[in-house]
Amino acid sequence: MKLNKILKNALLVVIACFALSACATKKVSTGQMQSDVYTGTDTVEYLASGVPDRVFFATNETVLTTASRETLRKQAAWLRKNSDVTIVLEGHADERGTREYNLALGERRANAAKDYMMTYGISSDRISVLSYGKERPVDSGSNPLAWSKNRRSVTVKAN
Amino acid sequence: MNYTKFCFLSFLLILFLPIKSFGLIEVDITRGNLNPLPVAVSPLSIDEKSKNNFKKLLKKKNLGLEISSIVENNLKTSGLFNPLNKDAFLQAPDIANLKPRFEDWNLIKAQALITGKVSYIDDKLRVEFRLWDVLAGKEMMALAFTTVPSNWRRVGHIISDKVYERLTGEKGYFDTRIIYVAEEGPKTRRVKKLAIMDQDGANNKFLTLGNELVLTPRFNPTSQMVTYLSYFRNLPRVYLLDIETGMQEVVGDFPGMTFAPRFSPDGKKIIMSFAKDGNSDIYTMDLENRIVEKITDHPSIDTSPSYSPDGKLICFNSDRSGYQQIYVMKSDGSNVKRISFGTGIYGTPVWSPRGDLIAFTKLHKGKFYIGVMRTDGSGERLLTENFYQEAPSWSPNGRVLVFYRETKTDNKGKGFSAKLWSIDLTGYNERLVETPTDGSDPSWSSLLSN
């Protein structure tokens with residue numbers, strides 16, 4: 001009986017260890033990044049109450065995360081309510097890449113956001129795209145968190 | 001601009017004496033040079049009347065010394081020569097130019113000797129110089145130039161090129177200029193201006209005011225035109241700038257961002273990327289008839305194109321395989337072949353003016369490298385590693401690369417700087433290229449005397 005209890009405890013300890021090690025190997029590096037995409041609110045501004053002005057990307061990626069798509073849906077809803085507003089989508093990249101490729105990457109990111117908003121009924125006449133590549137970082141630090149804040153597409157009111 | 005006018009309107013070259021070649025001194029530039037050739041650069045002799053005339057005209061006390069200093073500095077920065085200390089010279093400049101006492105020069109271990117004479121004749125600057133083989137006790141080369149006095153620095157550079165060519169067998173690269181982006185201010189709001197300077201850092205001039213973002217300038221190999229990217233009116237487009245007149249014009253009428261511009265080797269076309277709806281392709285525009293041709297046609301990002309010197313091939317950067325790699329294609333866009341296969345990301349390919357190599361930027365495991373590979377992708381050699389560096393540009397003789405580096409900032413964003421650097425193809429002689437402000441995106445001109 002005692003042996004069973006010991007074995008049971010040992011098994012619980014082993015399971016606990018696996019659970020902890022699973023935490024250690026997850027891709028989240030800090031509380032503000034998930035799979036290399038910034039998830040925090042620092043640097044985020046608002047087009048209107050509850051409508052964040054930007055979405056973030058993983059390194060070298062132009063794919064929209066679930067959170068990004070939700071932000072863009074909110075932006076689209078706000079644009080439908082304010083039908084005279086036109087916007088510029090400003091695409092950016094972090095400094096860890098060559099300058100010209102980063103210009104193209106910024107353009108592609110902004111267009112990913114534009115395409116998604118168009119599926120929610122926003123006409124392309126209202127959206128223009130401008131890439132800044134790595135030229136206008138919002139965080140001047142040289143670390144993964146700073147870089148993740150810089151990989152962004154920002155929606156700016158044009159009128 | 002007066003400076004350029006002087007350069008290109010009034011320069012005359014007169015051959016003074018036939019070149020004798022004995023081939024006794026030779027400098028090997030294909031390997032790392034740990035034994036730079038000891039050379040004595042004697043101040044050029046100058047008579048009192050000429051000295052005073054130039055002092056009045058150019059505000060230089062001793063033009064003979066000034067010109068020889070340019071030669072000395074060029075030879076030293078090439079890493080191949082070791083100019084000896086002038087204090088040890090035993091012969092006066094005027095006598096040395098007529099008949100060097102080779103035992104004296106041998107005594108201080110000079111293997112080559114440069115002497116010359118500067119005179120003011122008919123309102124012009126006349127410079128003669130001689131290159132001597134000290135060990136053989138013979139004259140190797142003698143040349144003279146006549147030009148307007150304000151061209152005196154170019155004379156120093158041309159003499160340097162002649163000496164370099166005679167001793168290495170390769171054309172020199174000293175009579176050249178570098179165009180780059182001068183930058184200042186906080187990293188989040190950098191102010192950038194186009195700037196141009198002589199290859200040794202002299203005559204630095206700003207070409208734009210800094211009101212709009214400017215990036216990636218490139219020289220026209222055949223004329224005084226520059227192409228670059230400008231964010232004028234918040235519309236990023238490729239522009240042409242005439243250095244002499246300061247006139248700027250947008251290239252073509254593209255409904256979206258154009259960027260990464262270069263000239264074709266004959267100077268007649270601009271090749272660049274055009275981005276639309278998330279896709280960037282490479283296009284050319286003929287500067288005369290304005291005809292636009294689409295060269296790549298792929299949903300990937302295609303950018304940073306670079307022509308081979310004969311204009312028949314183009315190397316470029318594409319992420320069609322998932323990450324940035326280097327590709328080569330025919331100049332009509334056919335026959336696209338990937339040539340970079342090492343581990344890491346490759347960008348900014350630039351074809352050497354010699355046609356034999358392609359230089360590039362590589363990013364691997366968080367480090368940036370400047371490297372070269374053969375045009376089929378083989379023989380990859382990394383020359384230097386850094387936290388951040390990119391965008392190599394070749395000297396016109398294909399022996400030196402200029403590029404730029406940025407420093408890492410701390411967590412408060414402090415400590416940022418961007419500087420131009422150069423390195424020899426051998427991987428040796430890495431050195432800082434001084435600029436009055438921070439600098440990036442350098443591009444090397446061809447030899448001005450062509």
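Axes here are lines fitted to C-alpha atoms, for helices over the stretch in contact, and angles run from 0 to 180 degrees between N-to-C directions. Helices (H or I, at least four residues) and strands (E, at least two) are DSSP runs, numbered from the N terminus.

This is a predicted model, in which local features need pLDDT of at least 70 and side-chain atom pairs count only at pLDDT 80 or more, while totals for chains, interfaces and linings use all residues. Residues are numbered from 1 along each chain as its sequence is written, and chains are lettered from A and ligands numbered from 1 in the order in which they are written.

**View 1. Helices H3 and H6 of chain B cross.** Look for helix H3 (residues 63-77) and helix H6 (residues 152-168) of chain B, whose axes come within 8 Å and cross at roughly 45°. H3(B) and H6(B) are therefore oblique to each other; angles under 35 degrees count as roughly parallel, over 145 as roughly antiparallel, 65 to 115 as roughly perpendicular and the rest as oblique. Their crossing is right-handed, meaning that the near helix is turned clockwise from the far one by less than a right angle (anticlockwise would be left-handed). On the H3(B) side the meeting residues include Leu63(B), Ile67(B), Ile70(B) and Val71(B), and on the H6(B) side they include Trp152(B), Val155(B), Ile159(B) and Val163(B). Sorted by class, this contact of H3(B) with H6(B) holds 9 nonpolar, 4 polar and 2 charged residues. Here Ala, Val, Leu, Ile, Met, Phe, Trp, Tyr, Cys and Pro count as nonpolar, Asp, Glu, Lys and Arg as charged, and the others, Gly among them, as polar.

**View 2. Helices H2 and H3 of chain A cross.** In chain A, the axes of helix H2 (residues 66-81) and helix H3 (residues 99-118) come within 9 Å and cross at roughly 55°. That makes H2(A) oblique to H3(A), and the crossing of this pair is right-handed. From H2(A), Arg69(A), Leu72(A), Gln75(A) and Ala76(A) meet Ala113(A), Tyr116(A) and Met117(A) of H3(A). The contact of H2(A) with H3(A) has 5 nonpolar, 1 polar and 1 charged residues.

**View 3. Lys134 of chain A sits in a loop.** You will find Lys134(A) between strand E7 (127-133) and helix H4 (144-150) of chain A. Lys134(A) is buried, with 21 other C-beta atoms within 10 Å; a residue is buried if 20 or more other C-beta atoms lie within 10 Å of its own, exposed if 12 or fewer, and partly exposed in between, with C-beta atoms placed from the backbone. Leaving aside residues up to four places away in sequence, Lys134(A) touches Ala93(A), Asp94(A), Glu95(A), Gly97(A), Arg99(A) and Asn102(A). Two residues are in contact if their C-beta atoms, placed from the backbone, lie within 7 Å. The C-alpha atoms of Lys134(A) and Asn150(A) are separated by 8.1 Å, though these residues are 16 apart along the chain. For the wider setting, chain A has 4 helices and 8 strands, and buried residues make up 42% of its 159 residues.

**View 4. Chain A meets chain B.** Here 22 residues of chain A are in contact with 32 residues of chain B. On the chain A side, H3 and E7 are the elements that give two or more residues. H3(A) gives the most, with 10 residues. The side of chain A that touches chain B has 8 nonpolar, 7 polar and 7 charged residues.

**View 5. The two domains of chain B meet.** The domain assignment of chain B gives domain 1 (2-168) and domain 2 (177-444), with bounds that come from an automatic or database domain assignment. Their C-alpha centres lie 34 Å apart. At the junction, 11 residues of domain 1 of chain B are in contact with 14 residues of domain 2 of chain B. On the domain 1 side, helix H1 (2-9) and H3 of chain B each supply at least two residues, and the largest share, 3 residues, comes from H3(B). That side of domain 1 divides into 2 nonpolar, 7 polar and 2 charged residues.

**View 6. Thr216 and Ser304 of chain B have positive phi.** Most residues other than glycine have a negative phi. Thr216(B), in strand E11 (residues 214-219) of chain B, has a positive phi of about 45°. Thr216(B) is buried, with 24 other C-beta atoms within 10 Å. Ser304(B), in strand E19 (residues 302-307) of chain B, has a positive phi of about 50°. With 30 C-beta neighbours inside 10 Å, Ser304(B) also counts as buried.
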